[in-house]
Amino acid sequence: MCDPIFEYQFRLILIGDSTVGKSSLLRYFTDGKFDDACDPTVGVDFYARLMEVKPGVRVKLQLWDTAGQERFRSITRSYYRNSVGVMIVYDISKRSSFENLKEWYEEAREHIEPHKAIFIILGHKADNEEKRQVSMREGRRFAEMHGLKFFETSAKSGQNVEEAFSCIAKDTYHHLQDGHIKIEEGWDGVKPGFARPKETVYLSPEGDGDKGCC
């Protein structure tokens with residue numbers, strides 16, 4: 001029997017103010033590249049990557065990058081319902097983006113319910129230390145107040161990018177295994193994966209096994 005390509009597909013959404021670096025995070029995570037000249041996302045954009053959540057078990061992350069501008073909020077809201085994971089991103093060098101975290105969090109929860117979702121807070125552009133306006137302690141305190149996990153990340157240096165996505169993928173997988181999150185018809189947050197065809201044994205009239213992978 002061949003190993004499955006991936007066990008499940010998890011749909012994740014990145015939200016937060018415009019220019020906090022959501023697109024650069026996703027590009028680094030999926031392509032391993034940093035683009036310092038990212039244009040603001042118009043509406044939504046899509047990325048994908050396979051990730052191992054435990055030895056021998058892989059999931060496909062379907063990643064939706066959303067625009068932070070107010071004029072695109074109605075489009076962003078339409079993507080909440082079918083998401084099982086939400087990464088709320090702020091820029092450590094732009095205090096207003098941190099102050100808007102509560103609004104983003106409450107809006108996402110409102111539109112995702114009654115479905116369950118895993119939330120994580122990301123303080124991005126951690127390489128921009130000389131322009132820092134939000135301390136790591138403040139970011140961690142906000143996350144802890146809401147029972148969420150927290151990372152400071154940088155698409156420029158790669159700091160905690162892999163760790164953050166691995167964390168939300170593993171937490172989602174564990175919640176699924178524990179029954180806190182369920183696969184539901186008509187909901188795209190979690191979907192079954194795809195497996196390679198199983199090896200089939202063909203028997204000749206004499207009984208000799210002629211194996212072939214169909």
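**Exercise 1. Is Arg132 buried, partly exposed or exposed, and what is its relative accessible area?**

Before the solution, a word on the model. It is a predicted one, where local features need pLDDT of at least 70, side-chain atom pairs count only at pLDDT 80 or more, and totals for chains, interfaces and linings use all residues. Residues are numbered from 1 along each chain as its sequence is written, and side-chain values use heavy atoms, with hydrogens and water left out.

Step 1. Get the cut-offs straight: buried means under 20% relative accessible area, exposed means over 50%, and partly exposed is in between (1.4 Å probe, protein chains only).

Step 2. Arg132 has a relative accessible area of 24%, so it is partly exposed.

Step 3. Now look for a partner. Arg132 makes a salt bridge with Glu129, with 2.9 Å between the closest N and O atoms. The term covers a side-chain nitrogen of Lys or Arg within 4 Å of a carboxyl oxygen of Asp or Glu. Glu129 comes out at 45% relative accessibility, so this residue is partly exposed too.

**Exercise 2. Find other salt bridges, and say where one of them sits in the chain.**

Step 1. Start with the total: searching the whole structure turns up eleven salt bridges.

Step 2. Take Glu138 and Arg95, whose closest N and O atoms are 2.5 Å apart. This pair links distant parts of the chain, 43 residues apart: Glu138 belongs to helix α5 (residues 136–145) and Arg95 to helix α3 (residues 95–99). Helices (H or I, at least four residues) and strands (E, at least two) are DSSP runs, numbered from the N terminus.

Step 3. Check the cover on Arg95: its relative accessible area is 28%, so it counts as partly exposed.

Step 4. Another pair to click on is Glu113 with Arg109, bridged at 3.8 Å, N to O. Arg109 is partly exposed, at 39% relative accessibility.

**Exercise 3. How far apart are the end C-alpha atoms of helix α4, and which of its residues are buried?**

Step 1. Work out what to expect. The rule is 1.5 Å times one less than the number of residues. For the twelve residues of α4 (residues 101–112) that gives 16 Å, and the end C-alpha atoms are indeed 16 Å apart, so the two agree.

Step 2. List the buried residues: Leu101, Trp104, Tyr105, Glu107, Ala108 and Ile112.

Step 3. Look down the axis of α4. Those buried residues fall within an arc of 165 degrees, so they line one face of the helix. The arc is taken from the directions that run from the helix axis to the C-beta atoms.

Step 4. Try the span check on α6 as well. Its 18 residues should cover 26 Å, and its end C-alpha atoms are 26 Å apart, which agrees. Among the buried residues of α6 are Phe165, Ile168, Tyr173 and Leu176.

**Exercise 4. Which element gives the most residues to the largest nonpolar core?**

Step 1. Define the thing: a nonpolar core is a set of buried Ala, Val, Leu, Ile, Met, Phe, Trp, Tyr and Cys residues joined through side-chain atoms within 4.5 Å. In soluble globular proteins, nonpolar side chains tend to be buried together.

Step 2. Find the hubs. The largest core has 33 residues, and Phe10, Leu61, Leu63, Met87, Leu122, Phe165 and Val190 touch the most other members.

Step 3. See who contributes: β1 (4–15), α1 (22–31), β2, β3 (57–66), β4 (85–91), β5 (118–124) and α6 (161–178) each supply at least two residues of this core. The biggest giver is α6, with eight residues.

**Exercise 5. Walk the loops and pick out the special backbone geometry.**

Step 1. Go to the loop between α4 and β5, where Pro114 is found. The peptide bond from Glu113 to Pro114 is cis, with omega near 15 degrees.

Step 2. Move to the loop between β5 and α5, which holds Lys125. Its phi is near 65 degrees, a positive value in a residue other than glycine. Lys125 is partly exposed, at 25% relative accessible area.

Step 3. Continue to Asn160, in the loop between β6 (149–152) and α6. Here phi is near 60 degrees, again positive in a residue other than glycine.

Step 4. Finish just after α6, where Gly179 has a positive phi of about 90 degrees.
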